[in-house]
Each structure stands twice: as structure tokens, then as C-alpha cells.
Amino acid sequence: QVQLVESGGGLVQAGGSLRLSCAASGSIFNITYMGWYRQAPGKQRELVAGSGGTTTYADSVKGRFTISRDSAKNMIYLQMNSLKPEDTSVYYCGADLTVVAGGEGLEVWGQGTLVAVSS
């Protein structure tokens, strides 16, 4: 069974920084995509940053957040700088992967980690 586990969330003042980590474990053949998403209360889950063939960022985080990926360790990171109160949300790690060669692609999600930014 494949698991994604996030860590690094917490409470920070506006202007501060946090670094989120996500580790994928289990029987994994290949990960084609890993990304960070967030969901605030009453809102839909939205893409924050993704790493596949290309790297993408939400307009709201460009220039402040940086996604990085360690494919050898099946991990991704999200360095978040100049945090704003509107960045407050539960951040989720998501991945598209296969568990065997030629197998069906799976979409896997972590349990989420809370980031709270105070003004």
C-alpha cells in the first residue's frame, strides 16, 4: 500500500517562512507527478505547486513558494516564504504513480498538514 505523509506545518507570523515535506512510501514503481494543494474551510482544494514534466505554481504563490523534488527518495518539499494570512489552509501532498510496470495510474493523497499564518 502506498502512503504519502506530510510534515512541517504549524503556526507562523505573517512574513515568516515554513518548509513542508512529503514522503511517499510503499510499493512504488514510478511517480510521474507530485504536487502540493491546499484547502481552506468552505473552499475548494486548489493547486499550490506541482512537479511533473514541468513545474507549475498558483499565481498567488509565485515568487514566494518554491517546490523541490528528490526523486531518489520519493519526496517533495515546499519552501514557503513571505507567508500571508490568506495562505492559512490545510496543505495536502498529492501524487500520480504506478505500483507495477505498465500498471494503472493511481492518484494518492496525504492526510494534510495545517499551516496557520497570523497577522
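1. Let's start with a side chain at the edge of an aromatic contact. Trp109 comes out as partly exposed, at 32% relative accessibility. Keep in mind as you read that this is a predicted model.

2. What does Trp109 pair with? Its partner is Tyr37, and the two rings meet edge-to-face, with 4.9 Å centre to centre and 70° between the planes. The count for the structure comes to 1 aromatic pair. Tyr37 sits in strand β4 (residues 30-39) and Trp109 in strand β10 (residues 106-109), so the contact ties together parts that are 72 residues apart in sequence. Tyr37 is buried, because its relative accessible area of 17% falls under the 20% cut-off.

3. Two arginines are worth a look for where they sit relative to tyrosine rings. Arg19 has its charged end over the ring of Tyr77, 4.2 Å from the centre. Arg45 does a similar job of covering a ring: you'll find it over the face of Tyr92, at 3.8 Å from the ring centre.

4. On to the strands. Strand β1 (residues 3-7) runs antiparallel to strand β3 (residues 18-25), and 5 bridges join them. If you want a spot to check by eye, take Gln3, whose bridge partner in β3 is Ser25.

5. How many bridges join β3 to strand β8 (residues 75-80)? There are 6, and these two strands also run antiparallel. Here a handy place to look is Cys22, which stands opposite Ile76 in β8.

6. Now the salt bridges: the structure holds 4. One of them pairs Arg38 with Glu46, and the closest N and O atoms are 2.7 Å apart. The two ends sit in unlike surroundings: Arg38 is buried, with a relative accessible area of 7%, whereas Glu46 is partly exposed at 36%.

7. Another salt bridge joins Arg64 to Asp87, with the closest N and O atoms 2.7 Å apart. Arg64 comes from the loop between β6 (55-57) and β7 (65-70), and Asp87 from the loop between β8 and β9, so this contact ties together parts that are 23 residues apart in sequence. Are the two partners buried or exposed? Arg64 is buried, with a relative accessible area of 11%, and Asp87 is buried too, at 1%.

8. Don't treat those last two contacts as separate items. Arg38, Glu46, Arg64 and Asp87 are linked in a network of salt bridges.

9. Asp59 and Lys62 form a salt bridge as well, the closest N and O atoms being 3.1 Å apart. Asp59 is exposed, with a relative accessible area of 64%.

10. Finally, have a look at the loop between β9 (89-98) and β10, which is where Val99 is found. Val99 is partly exposed, with a relative accessible area of 32%. Together with Val100 and Leu106, Val99 makes a nonpolar surface patch of about 210 Å².

11. Gly102 is also found in the loop between β9 and β10. Is Gly102 buried or exposed? At 83% relative accessibility, Gly102 counts as exposed. One last distance to try in the viewer: the C-alpha atoms of Gly102 and Val115 are separated by 37 Å, with the two residues 13 apart along the chain.

Definitions and conventions:
Residues numbered from 1 in each chain as written. Predicted model: local features only at pLDDT ≥ 70, side-chain atom pairs only at ≥ 80, totals over all residues. Heavy atoms only, no water. Phe/Tyr/Trp six-rings, centres within 6.5 Å; stacked < 30°, edge-to-face > 60°. Helix = DSSP H or I, 4+ residues; strand = E, 2+ residues; numbered from the N terminus. Buried < 20%, exposed > 50% of the residue type's maximum accessible area, 1.4 Å probe, protein only. Lys NZ or Arg CZ within 6 Å of the ring centre and 35° of its normal. Pairing = 2+ DSSP bridges. Patch = residues over 30% accessible without salt bridge, like charges linked within 9 Å, V, L, I, M, F, W, Y side chains within 5 Å. Areas by Shrake-Rupley, 256 points an atom, 1.4 Å probe, with all protein chains shown as cover. Salt bridge = Lys/Arg side-chain N within 4 Å of Asp/Glu carboxyl O.
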